[in-house]
Amino acid sequence: MANKSSGKRSSQSSARSGASSRSRGGEFPLDNNTYNVITVIHEKSKGLEAFDQYIEDADQELRDIFEEIREQDTRAIEQLQEHLRRLVGGEGAESEDEEAA
């Protein structure tokens with residue numbers, strides 16, 4: 001069973017490496033870092049949706065734990081979004097304060 005998962009990781013890693021090398025030739029628009037950041041943001045966002053559902057069903061102690069983890073993941077997503085803005089050239093990187101000014 002370990003062979004299947006390690007094979008999956010290898011092919012995913014190869015796909016990302018190929019994406020990175022193709023981006024140098026102009027064939028693929030995302031470099032490896034940009035792809036990885038987008039993927040992690042997507043997966044963590046799906047996890048936040050799951051927390052919302054599970055928090056409703058949890059007892060108070062577990063609810064507190066879930067809410068703390070959810071807050072940590074929310075902060076991680078915010079950090080990744082900021083890094084993604086820098087990766088794609090700073091488009092939309094102004095803070096809300098700068099936009100309001």
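**Two helices and their contacts**

Student: What relative accessibility makes lysine 44 count as partly exposed?
Tutor: Buried means under 20% relative accessible area, exposed over 50%, and partly exposed in between (1.4 Å probe, protein chains only). This is a predicted model, where local features need pLDDT of at least 70 and side-chain atom pairs count only at pLDDT 80 or more, while totals for chains, interfaces and linings use all residues. Residues are numbered from 1 along each chain as its sequence is written, and side-chain values use heavy atoms, leaving out hydrogens and water. Lysine 44 counts as partly exposed because its relative accessibility is 26%.

Student: Which residue meets lysine 44 in a salt bridge?
Tutor: A salt bridge here is a side-chain nitrogen of Lys or Arg within 4 Å of a carboxyl oxygen of Asp or Glu. This one runs 3.1 Å, N to O, and links helix α2 to helix α3 across 29 residues; helices are DSSP runs (H or I, at least four residues) numbered from the N terminus. The partner is buried, at 16% relative accessible area. That's aspartate 73.

Student: Which helix supplies the largest share of the largest nonpolar core?
Tutor: A nonpolar core is a set of buried Ala, Val, Leu, Ile, Met, Phe, Trp, Tyr and Cys residues joined through side-chain atoms within 4.5 Å. The largest one has five residues: Val37, Ile41, Leu48, Ile77 and Leu84. Both α2 (32–57) and α3 (60–87) supply at least two of them. With three residues, the largest share comes from α2.

Student: What do the buried residues of α2 pack against?
Tutor: Let's take isoleucine 41, one of those buried residues. Beyond four places in sequence, isoleucine 41 touches Ile77, Leu80, Gln81 and Leu84, where contact means heavy atoms within 4.5 Å. Two of the names in that list, Ile77 and Leu84, are buried residues of α3. So by that contact rule, the buried residues of α2 pack against α3.

Student: Which residue caps the N-terminal end of α2?
Tutor: Look for a side-chain oxygen 3.0 Å from the backbone nitrogen of asparagine 33. The residue that carries this oxygen is aspartate 31.

Student: Which residues are joined into one network by salt bridges that share partners?
Tutor: Arginine 85 bridges to glutamate 82 at 3.3 Å, and arginine 86 bridges to glutamate 82 at 3.8 Å. An α-helix has 3.6 residues a turn, so residues three or four places apart point the same way. Arginine 85 sits three residues from glutamate 82 in α3, and arginine 86 sits four away. The network joins Glu82, Arg85 and Arg86.

Note on methods: A polar contact is a pair of N or O atoms within 3.5 Å; within protein, one must be able to donate a hydrogen and the other to accept it, and residues adjacent in sequence count only if both atoms are side-chain atoms.
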